[in-house]
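Here's a protein to look over. Have the sequence and the model open side by side while you read.

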Amino acid sequence: MEGQIPVVFSTIPYMEYVNMSNNNFTGFIPPSFSLFRSLHTLDLTNNKYMRMSLLNTGLQLVQDLNDMKRVLGTNYSCPVLYLKGTVSKKGYLNKKYYLKIDPIYYVFENCTCHQEFYGHHNQCLHCFTYGRCDGNKIQSLMVIPRNMYPGPHHINPTMLVNCTVIYGGEALCNPSGNCTCQVENGFTICGKSNGTSSCLCNSIYNVKGRKCLECLNSNYYRDGVGCHKCMNASKQVPVIVVLSLADFFIILLTSFFLIRWKNRMSKKTNIILNVLRMLTILVNFILCVLGFIPFWIFEFSALLVLITLVSGQSRCSGLIKTLVFYIQTTDGVIAASANLGIEWLYKFEYTIKKWLNFHFSSLGCQISWLKEPIGHMISMVITPVLFLLLMSIIAFVGYHYLDYKIKKKMLHSSDLGDMVSEEQPLIPQPQQEMGSVEKKGTFFVYQCMGIVVFFLNTAFFPIIKSAILVIVPCEEDPSQNISYMANFQWVECKGANYNSLFATGVIAITVYVLGTLIVFAFLLKKYKKVKQRDVRYNTELSKFELKCWSALVSHLMNPYTENNYYMEIVFVLQRIALALVLTLVPRTSLAFTLIVTSLLIAILIFQVKRDPFQRFGRFNLENILYAVALFSIMINGISVNFLYNTKQSISLVGNFPGNLVAIMLVLLFIGILISYCLAILYRNVSFQTKNE
């Protein structure tokens, strides 16, 4: 039967059971049904086109919320219904009668989802694994556990996935554990706490997106696990320019004096200039922390100090080499995701570490493409190339400046030659002077290329570590059968962006691993031949050639003894092994601690047994500090893994073990850093005094 229910039924007032199910009736139950005197049950099931009228039809639909009946073939229950007349005619309908009808008639009002389901009305979905759904409520919610995220998206997710682990118990996703998912207009919406504010991501870190790994907007830059707000540089350009120029000027000026007149200045002057250079970096860092200048200015100035320090102190190259190794490896072991909770101490430690890993994250506020993964990766790969280009320009300009200088002196000499007798020349012959300047220019070029070798050696470890992270197998997200990159977990392993990153990683590994090993081996082998040639011929030309090659490979050879010509190759292989472990083994697993500790112990045993560093003076500072640095890295790895696996929450109050470990790690790092600075200053001043 179709259409509305016929009024003819109202002419049979003494019926007790009326069954009009399995029809195609439309509209609502007519008011004439209030005239039934003896009706007990009215069955209108399977009339899918019937809808309750919003107008007063003289009938009232009564729901018994204490008597819920499961709807067959569904995952929800609806209240038992009764029909009651609201207009009494001759007292016929003074009681209610049982009504059987599809819940769609009353739009599933007050229907509830079953246990282990969430939603409302007839829209009930099965609770996800790890989710908590109580059910049996008019609006059933799914509670998301702490540090989990709805995947693949907070709208219509298919499962809950674990977020990035932060050491110390801090949660990146859903930190309160109160986030819920609910059904709205047929869609699952997650991320509301108490129905108001978003709670999926920890607001402290200014993040959003898949697993809370993306910055809120372009006004933030990613640094570690979180994002930081960019400085409003447009309002502070004059301050930034003045402070930056003053900072770089002081560093370059003090470095120039220390390099140019290192054998002529007094011990007191040497100490003052070195302390001034260090204080400039400290003031720079304080200005960054206070927000007067961006952090990338501090990072570049600190790198500039390191380069100028290396260019003028060959006897400190071993200390600088092991210091760089310690800082870079500590960053890899603790990692950017390690939140030690004690904010200012951790921020200090992390800032000191990251500038030697070529992060320069805050520079993305000025150069927006650096915020993207491909921009970050390409910038790391081409930085040594750009530095090589810069030093080549400096070498070219310096060489031709010396050439111009001697030609000018030669011209001046020619003018004076007419005024004096040939028997009593006042200045050297042009041929002699030209030979001297050519040697100076050539030696200057070799010195510049030697700094390039040092820079390549410094950038090697962070570049290889980043490149390995780019090409490691992707992590599949079972919630959508899509794979994401291990390092950039919001980038899908497909498309032009991923292909560019993968190609960049392959090129970086091929060029830097093979290229570095080949170039270093060639330079060391060539230096050995030049040295043998000088011993054999002992001429002025052979000595000058040896001097030039010594400047070129000084950072590969000077730290080591004569019996350890190729120790730098072993040092490179050690860093490759550490990079593989730090990128391929999960930092939160016990295997990470075991493998890293075993590798560092093997390096330490080799170091003690081989004793490769030269002894300058009474103490072999390189071997002592290198052994201490390796031991410190082991402590860092074990401690961080302990904090995670024991679920220690680190804060300034309330957790003594975690708090103690955090302070120990930071103070240990600062102590070793200060020890290296004092050792470099001692080596510099002591040997400058001997040269006097």
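What follows goes from the whole chain down to a few sheets, a surface patch and two helix residues.

## The whole chain

Keep in mind that this is a predicted model. The protein runs to 692 residues, and 49% of them count as buried. Its secondary structure comes to 14 helices and 25 strands.

Look at contacts with a separation of 6 or more, and 65% of them are between residues 24 or more positions apart. On the outside, the accessible surface adds up to about 34200 Å², with carbon and sulfur atoms holding 62% of that.

## A parallel sheet of three strands

Start with the open sheet whose order is 1-3-5, paired in parallel. Strand 1 (2-3) and strand 5 (49-50) are its edges; each has a single partner strand, so one side of each goes without a neighbour in the sheet.

Strand 3 covers residues 24-27, and two parallel bridges link strand 3 to strand 1. To find the register, go to Gly 3: its bridge partner in strand 3 is Phe 25.

## Around strand 4

Strand 4 spans residues 41-44. How many bridges tie strand 4 to strand 2? Three, in the parallel sense, with strand 2 taking up residues 17-19. Within that pairing, Val 18 sits opposite Leu 42 of strand 4. Strand 4 also runs parallel to strand 8 (residues 97-101), and four bridges join these two. One spot to check there is Thr 41, whose bridge partner in strand 8 is Tyr 98.

Now for the side chains. In a regular strand they alternate between the two faces of the sheet. In strand 4, Thr 41 and Asp 43 point one way while Leu 42 and Leu 44 point the other. Are these four buried or exposed? All of them are buried, Thr 41 and Asp 43 as well as the two leucines.

## An antiparallel sheet of three strands

Further along the chain there's another open sheet, with the order 11-10-13 and antiparallel pairing. Its edges are strand 11 (123-126) and strand 13 (139-140), and each of these pairs on one side only.

Strand 10, residues 117-120, meets strand 13 through two antiparallel bridges. Pick out His 120 and you'll find Gln 139 as its bridge partner in strand 13.

## A nonpolar patch and Leu 282

On the surface, a nonpolar patch is made up of Ile 271, Val 275, Leu 279, Leu 282, Ile 286, Leu 290 and Phe 292. Together these residues have about 600 Å² of accessible area.

Take Leu 282 as one of them. Leu 282 belongs to helix 2, which covers residues 267-290. Why does Leu 282 count as partly exposed? Because its relative accessible area is 43%, and that value falls between the 20% and 50% cut-offs.

## Thr 516 in helix 8

Helix 8 takes in residues 495-537, Thr 516 among them. Thr 516 is classed as buried because its relative accessible area is 2%, where buried means under 20%.

What does the side chain of Thr 516 reach? The backbone oxygen of Tyr 512, at 2.4 Å. Leaving aside residues up to four places away in sequence, Thr 516 touches Leu 456, Phe 460 and Val 511.

Terms used:
Residues numbered from 1 in each chain as written. Predicted model: local features only at pLDDT ≥ 70, side-chain atom pairs only at ≥ 80, totals over all residues. Heavy atoms only, no water. Buried < 20%, exposed > 50% of the residue type's maximum accessible area, 1.4 Å probe, protein only. Contact = heavy atoms within 4.5 Å. Areas by Shrake-Rupley, 256 points an atom, 1.4 Å probe, with all protein chains shown as cover. Patch = residues over 30% accessible without salt bridge, like charges linked within 9 Å, V, L, I, M, F, W, Y side chains within 5 Å. Salt bridge = Lys/Arg side-chain N within 4 Å of Asp/Glu carboxyl O. Pairing = 2+ DSSP bridges. Polar contact = N/O pair within 3.5 Å; in protein donor to acceptor, adjacent residues only side chain to side chain.
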